[in-house]
Each structure stands twice: as structure tokens, then as C-alpha cells.
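Welcome, and please load the model in your viewer. We will go from one selection to the next, with a few words on what is there at each stop.

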Amino acid sequence: MKLYTLIAVLFLLSFSCTKKDPYRVGQQWNYKTRSTEKSSILTILKIEEYPETGKVIHISISGLKMKNPASPSGYAETLTHIPISEEALDKSVTSLKNETGKKPDSLEMNGYSYWKKEFDNGNAGIFTITVSEIVSTMEKSIVAGDYTK
């Protein structure tokens with residue numbers, strides 16, 4: 001009887017001790033979008049852990065309609081690299097759309113490389129606001145012509 005009790009306890013502990021990470025590179029997620037971008041999705045590019053910030057999830061966002069005076073159409077449709085905290089991403093995503101396993105392309109990795117260099121030098125951070133708030137903030141900066149905010 002003691003052996004069965006021990007096995008049962010170990011079995012239950014194995015479930016309570018393992019927290020499955022919901023995010024993986026290549027996943028595409030639906031998220032709480034702005035009203036003009038209902039079909040917008042985000043893609044997980046890279047996942048890292050840092051002592052200063054904890055888990056950082058690097059994403060790209062497509063299907064946007066961000067005002068951009070420098071674009072021929074007047075709008076930007078993508079943000080190729082956004083570093084975001086896991087907590088902010090948790091507050092943003094609604095459902096897993098697709099699990100492509102696709103690795104980031106060179107444009108996305110260029111954005112990551114630039115961010116990483118600046119982060120390591122103490123000149124860059126991560127977003128701790130929701131994805132829709134990030135998009136709105138970026139749009140305001142682009143329209144104002146101020147790329148430092």
C-alpha cells in the first residue's frame with residue numbers, strides 16, 4: 001500500500017512542478033488588437049531570459065494599419081521586431097492561431113541585432129505594455145517624426 005501511495009504522490013507532484021511554457025519560436029498568435037486591425041497577428045521570433053528583465057519575448061506584428069507619412073500608402077503594415085515582457089504578452093494574446101516553427105527572417109533578425117547591441121550597452125529596454133498599446137505608441141512617434149520615444 002505504501003508503494004502505491006508514494007507512486008501516486010510522485011505522479012501528482014510531477015504535474016504541479018512543471019509549468020509548460022506557452023510560447024515557442026514560430027508561433028502566430030491572435031491578440032487584443034486595435035479596432036482597425038482585427039486581422040493583425042503577432043509572431044514569436046526569439047525567447048530569451050535576462051537577470052535584469054526576466055523573460056523577453058521578441059515578436060513581429062503583421063496586418064497593421066499604422067499611420068506612416070514616409071510610406072507611399074501612408075500606412076505601415078508591419079513591425080519587424082518588438083521585445084516584450086512575458087507578462088505584457090500574456091495580457092495581449094487571445095488564442096494561438098498557428099504553429100509554423102518558422103525561424104525569423106533577416107529583416108527581423110537585423111532589428112533584433114540592433115536591439116541586442118543597444119540593450120547590452122544599457123541603451124534599450126523591453127516593452128511592458130500590451131501589444132495594442134505598443135502599436136499606438138509607435139504610431140504616435142512615427143507620425144510626430146520622433147523615433148527616440
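## Charges over rings

Start with Lys46 and Tyr112: Lys46 lies over the face of Tyr112, at 5.3 Å from the ring centre. A charge counts as over a ring if NZ of Lys or CZ of Arg is within 6 Å of the ring centre and within 35 degrees of the ring normal. Next select Lys65 and Tyr75, where the charged end of Lys65 sits over the ring, 4.8 Å from its centre.

Before moving on, note that this is a predicted model: local features need pLDDT of at least 70, side-chain atom pairs count only at pLDDT 80 or more, and totals for chains, interfaces and linings use all residues. Residues are numbered from 1 along each chain as its sequence is written, and side-chain values use heavy atoms, with hydrogens and water left out.

## The aromatic cluster

Keep Tyr112 selected and add Trp115. Both lie in helix α3 (residues 106-120), three residues apart, about one turn of the helix; helices (H or I, at least four residues) and strands (E, at least two) are DSSP runs, numbered from the N terminus. Five aromatic pairs turn up in a search of the whole structure. In the pair of Tyr112 and Trp115, the ring centres are 6.0 Å apart and the planes at 35 degrees, so this pair is tilted. The rule is that rings of Phe, Tyr and Trp (its six-membered ring) pair if their centres lie within 6.5 Å, with planes under 30 degrees apart stacked, over 60 edge-to-face and the rest tilted. Add Tyr50 and Phe119, and you have one aromatic cluster with Tyr112 and Trp115.

Tyr112 and Trp115 are both buried (under 20% relative accessible area; exposed is over 50%, partly exposed in between, with a 1.4 Å probe and protein chains only).

## Further along α3

Which salt bridge does Asp120 form with Lys116, and where? The side chains meet at 3.0 Å, N to O, and both residues lie in helix α3, four residues apart. A salt bridge is a side-chain nitrogen of Lys or Arg within 4 Å of a carboxyl oxygen of Asp or Glu. Lys116, at 22% relative accessibility, counts as partly exposed.

## A salt-bridge network

Now select Arg34, Glu37 and Glu139, which are joined into one network by salt bridges that share partners. Arg34 bridges to Glu37 with the closest N and O atoms 2.8 Å apart, and to Glu139 with the closest N and O atoms 2.8 Å apart. Arg34 lies in the loop between β1 and β2 and Glu139 in helix α4, so this pair ties together parts that are 105 residues apart in sequence. At 14% relative accessibility, Glu139 counts as buried.

## Two buried polar residues

Select Ser40, in the loop between β1 and β2. Ser40 is buried, with a relative accessible area of 1%, and its side chain reaches the backbone oxygen of Ser62 at 2.7 Å.

Then go to Gln27 in strand β1, which is buried, also with a relative accessible area of 1%. A polar atom of the Gln27 side chain lies 2.8 Å from the backbone nitrogen of Arg24. For a last look, show Gln27 with Lys102: they are 75 residues apart in sequence and 7.9 Å apart in space, C-alpha to C-alpha.

Conventions
Polar contact = N/O pair within 3.5 Å; in protein donor to acceptor, adjacent residues only side chain to side chain.
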